[in-house]
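This report is for a reader meeting the structure for the first time. The sequence and the model come first, and the description follows.

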Amino acid sequence: MERTLVILKPSAMARNLVGNIITRFEQKGLIIAGMKMMTLTESLLTEHYAHLVDKPFFKSLLASMTALPVIVVCLKGKDAVAVVRAMTGATNSRNAAPGTIRGDFGMSGQENIIHASDSVENAEIELQRFFRADEIFEFTPANLKFLYAPNEA
């Protein structure tokens, strides 16, 4: 099964949306393999957003992402990266479809509630960036046989 990273951004924290968002992932059938609260540093964010460092909005992004602690989550499931990206919606929340996390909870391109890994390769890199190996757990949920057909799990 694939693993992916989700960051519940300061905008989710400030608006008390953490429980609603985690519930959506659990109801979909994704498995929480790791979760913690942390304060993001400028050095960690510069590494994570290296592709945006030269953009004019980068300083604003840093200020936004360090405004409050965040929740980082490792989710696991079949095609987890694509499933989570579909649930997350378009980066600019005003363009995100209703029913997606950003579409239902956001109005901003920057204050867009959530980060989700964009590929399987980046998910593994990002998970290593935000979690130590002993913070991600391998276990088989009791309800797994009700989430997937035998040939899918």
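The text below deals with one strand and its partners, then with one pair of helices.

The model is a predicted one.

**Strand β1 and its partners**

Strand β1 covers residues 2-8, and 5 of its 7 residues are buried, so the strand is largely enclosed by the rest of the structure. Buried here stands for a relative accessible area under 20%. β1 pairs with strand β3, residues 70-77, in the antiparallel sense. It also pairs with strand β4, residues 114-116, and these two again run antiparallel. The table lists both pairings, with a bridge partner of Val6 in each.

| Strand paired with β1 | Residues | Bridges | Bridge partner of Val6 |
|---|---|---|---|
| β3 | residues 70-77 | 7 bridges | Val73 |
| β4 | residues 114-116 | 3 bridges | Ala116 |

Val6 thus appears in both pairings: its bridge partner is Val73 in β3, and Ala116 in β4.

**Helices α2 and α5**

Two packed helices are described by the angle between their axes and the distance between the axes. For helix α2 (residues 18-28) and helix α5 (residues 80-88), the angle is about 135° and the axes lie 12 Å apart. Because of this angle, α2 is oblique to α5. Angles over 145 degrees would count as roughly antiparallel. The crossing of the two helices is right-handed.

Which residues of α2 and α5 meet? On the α2 side they are Arg24, Phe25 and Lys28, and on the α5 side Val83, Val84 and Met87. Sorted by class, this contact of α2 with α5 holds 4 nonpolar and 2 charged residues, with no polar ones.

How values were computed:
Residues numbered from 1 in each chain as written. Predicted model: local features only at pLDDT ≥ 70, side-chain atom pairs only at ≥ 80, totals over all residues. Heavy atoms only, no water. Buried < 20%, exposed > 50% of the residue type's maximum accessible area, 1.4 Å probe, protein only. Helix = DSSP H or I, 4+ residues; strand = E, 2+ residues; numbered from the N terminus. Pairing = 2+ DSSP bridges. Axes fitted to C-alpha atoms, helices over the stretch in contact; angles between N-to-C directions. Parallel < 35°, antiparallel > 145°, perpendicular 65-115°, else oblique. Left-handed = near helix turned anticlockwise from the far one by under 90°. Contact = heavy atoms within 4.5 Å. Nonpolar A, V, L, I, M, F, W, Y, C, P; charged D, E, K, R; others polar.
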